[in-house]
Protein chains: 2
Amino acid sequence: MVSSSDTSSGLSSPTPPRAARYELITLGDELLLGLTANSHLTFIGAALGRRGVILGRNVTITDEADAIAAQFRESWARSDVIITTGGLGPTCDDRTREVIAGVLGQELVFEESIREAIEARFARMGRKMTENNLKQAYRFSRGEVLPNANGTAPGLWVEQDGKVLVMLPGPPNELHPMFTEQVLPKLAALGLVAAKEAYVQVRTAGIGESALEMRLQPLLAPFGDALSIAFCAHQGQVDMRLSSPSGALDEAALDELAQKCAGALGDDFLCFGHDSLAKVCADLLRAGEHTLAVAETATGGLLANSFTDIAGASKFFAGGCVCYSNESKMQLLDVPEDILMQHGAVSAENAVAMAAGVAERLGADYGLAVTGFAGPCGGTKENPVGTIFLALYTPEGVWSRRLSQSGPRSSVKQRAVNGALDWLRRELVRAKRGGTRAPFGGGDTATRHAPGG
Amino acid sequence: MVSSSDTSSGLSSPTPPRAARYELITLGDELLLGLTANSHLTFIGAALGRRGVILGRNVTITDEADAIAAQFRESWARSDVIITTGGLGPTCDDRTREVIAGVLGQELVFEESIREAIEARFARMGRKMTENNLKQAYRFSRGEVLPNANGTAPGLWVEQDGKVLVMLPGPPNELHPMFTEQVLPKLAALGLVAAKEAYVQVRTAGIGESALEMRLQPLLAPFGDALSIAFCAHQGQVDMRLSSPSGALDEAALDELAQKCAGALGDDFLCFGHDSLAKVCADLLRAGEHTLAVAETATGGLLANSFTDIAGASKFFAGGCVCYSNESKMQLLDVPEDILMQHGAVSAENAVAMAAGVAERLGADYGLAVTGFAGPCGGTKENPVGTIFLALYTPEGVWSRRLSQSGPRSSVKQRAVNGALDWLRRELVRAKRGGTRAPFGGGDTATRHAPGG
């Protein structure tokens, strides 16, 4: 690593993470115009969070010089660690280095070792370095260089006024390894992040945010300010993250509390960490050496796709059918024509015939079917848009359920998939545990059907 | 819409968009912790951009009361339109309403109509409203309510001190329709955004960003600074957005230029605007009164899903099969066992048998099949991870193609789907136009197969 000899730090290095205020400045009109998602916030926020630090603020601004100067001045005044992304490219509109050096009262100095690295990179690609790339060979006079193995612009590291400035290149494939391999260890050495990851996430399914909070209140409230609780709801699932920014609760205490929460949640508990509903189902299927086949109308492939997103899905996933036409239901799944005539495609009876049909056709132990009206057109008075019928074929019988969803088509589809996955999960958990079926919440019930529909 | 009678506006309503400073405050630890991508910035930034406004700044902060107060005070002082997202939920960590009302010197008043809407929503779902939901029934004393058809928390609208505050709920399925259907029209009525979209987007497929730029250079260069050109590449597709921030080119001139670009692009031109590849295929299929069936292994439902995301897909989409096991390929698609034995599942021969099988089974005019290794496991020396075979069954014969993709599993899947869709699109365009098949770029060729594989 290239490092200057006259770095003036002014930072001590205690062991637990100090309560430092972190701020991320993401630069670029493409972010403000919604042309590119702000993946830097997601990546850096998550990486810091796993090290016991909650990023205090993220500001996205245009890469116009005055805006950068004003924002940086403000951020430098109020925060302890400022991370910038972008604006380090070779073109004339990348002025971030110059502007920030000006605010900090530093000179930019030409660093021969950077020029060599950039030239070597161009040579490896069989291309010649253009003159404007030399712009990237400047560092702060009192600062260090973070070498970039995946691009031309190195990162820059400055310690000044008891604060840290980290400037990172914009392309994710350059930023990610630089942050993980260079920035986090340097922050940890200064005691500004934990030396290892420090939080626990409790993931739930089938329970709303407010019900979850009320259910766990007796377990969580006694910890007061020692405990930080963050809820995050997404498409019918709620995650709860427990941490202790003050360090009052250590890793073992957080783990113990998370275990208690999981116990109190019963089957509404999905997992610790980040596994998806489909992944949890996949693990249960693999553990039980079961196979699954799916049949869908309204969700149109999204259910199958949630399983096939999992690497190695062929171990448990036999396949799926997307049956939009009645013809396809009869041809692919042997749904009897009189069921379609008598009950229609959006019915418990058809869902049951689809689930049984696909499981039997593909020789799978479990069959999961979804039919319904995803909208915005379609629907009847009895079964309006958003009505979903699920059916689950198991070694012990076949059941159906009815759900009502609302919202745009994509949301109805995703929620119907989540509802189907959660039902399968609960059934697999019950089968593994033995015992009777627990009733569903909110008046939702499953109907048992005779074999053969 | 619920609206209070004593709204004090202080805003005039000129016709063209005023040069207003827009600021977006996105609230939530889940954003700062990287648990959720900041899709609000992407959505709102893009929506404003299409109405001639560049969002000036986005600040993401924790939903802790002091942080919200400090940030809101700062933003209110410097900007004209402040949009907040999140923090309107029912749990104790959702304090945004109270804090911002405090800064603005407003009271929060209980709004009976909101309580009724929330109760009705719970009743429809067959659940009982919990007490903490009542928190969401408060509005600003001098402000309006933006009803929420898709969730419990309504949006809030305040005009004060010649500025506008818009508070939106966090879940995207609630925020998106509220922003499009309620907020944009209200902003347009105040002259704060253009009354309609003020740019033209040329969407392409199957051509890279630099090739696109070089191809169109002769058409675009003459306009100099009068024309603003933004490129946006996503999963093998490139969009080009033309606008004239100075107003030097009017709508008719931009349209004319876009038409010329489309002409120069030939079959690489996809559409004007935002239609997806699948949507363009769907329109071509509907126009020709054709039907389509799909069969997939590696893409695992994602291909079917791209069609079933389109409302009214049942008009042209017969259905699809996701065939992970050899058993399912034989059972559902009549793939002959000796093809699987001789060539393997990842082969042109199997793709052809799948495309023909699904089209014949479902009585569709076109059959589109994808097979391959999505990774990270699998693959052979001859066909490594990322190898994709496509087959297209048409009224005139059946063809296969081989693609090589790289990247993570999700990216290989999406690019394979896009490759399949773009092939279908080119074939449908050619069939409509008549004439011979144009060669694919980059040495990519389609192989014709005899009927029956």
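Two strands are said to pair if DSSP finds at least two bridges between them. The exercises below apply this definition to a predicted model.

**Exercise 1.** Determine how many residues each chain contributes to the contact, and which element of chain A supplies the largest share of its side.

*Solution.* Begin with the totals: chain A gives 73 residues and chain B gives 71 residues. Next, consider the elements on the side of chain A that touches chain B: strand S14 (residues 317–323) of chain A provides the largest share, seven residues. Finally, sort this side by class: it holds 33 nonpolar, 29 polar and 11 charged residues.

**Exercise 2.** Describe how S14(A) is joined to strand S14 of chain B.

*Solution.* Count the bridges: there are five between S14(A) and S14 (residues 317–323) of chain B. Then establish the direction: these two strands run antiparallel. As an example of opposed residues, A:Cys323 faces B:Gly319 in S14(B).

**Exercise 3.** State the order of the strands in the open sheet and explain why one side of each edge strand is left without a neighbour.

*Solution.* The sheet has 12 strands, in the order S18(A)-S17(A)-S16(A)-S15(A)-S13(A)-S14(A)-S14(B)-S13(B)-S15(B)-S16(B)-S17(B)-S18(B), with mixed pairing. The edges are S18 (447–449) of chain A and S18 (447–449) of chain B; each has a single partner strand, so one side of each lacks a neighbour in the sheet. From one strand to the next, the twist averages 15 degrees.

**Exercise 4.** Identify the direction in which S13 and S15 of chain B run, and the bridge partner of B:Val294.

*Solution.* Five bridges connect S13 (residues 292–296) with S15 (residues 366–372) of chain B, and the two run parallel. In S15(B), B:Leu368 is the bridge partner of B:Val294.

How values were computed
Residues are numbered from 1 along each chain as its sequence is written. Chains are lettered from A and ligands numbered from 1 in the order in which they are written. This is a predicted model: local features need pLDDT of at least 70, side-chain atom pairs count only at pLDDT 80 or more; totals for chains, interfaces and linings use all residues. Two residues are in contact if their C-beta atoms, placed from the backbone, lie within 7 Å. Helices (H or I, at least four residues) and strands (E, at least two) are DSSP runs, numbered from the N terminus. Ala, Val, Leu, Ile, Met, Phe, Trp, Tyr, Cys and Pro count as nonpolar, Asp, Glu, Lys and Arg as charged, and the others, Gly among them, as polar. Axes are lines fitted to C-alpha atoms, for helices over the stretch in contact, and angles run from 0 to 180 degrees between N-to-C directions.
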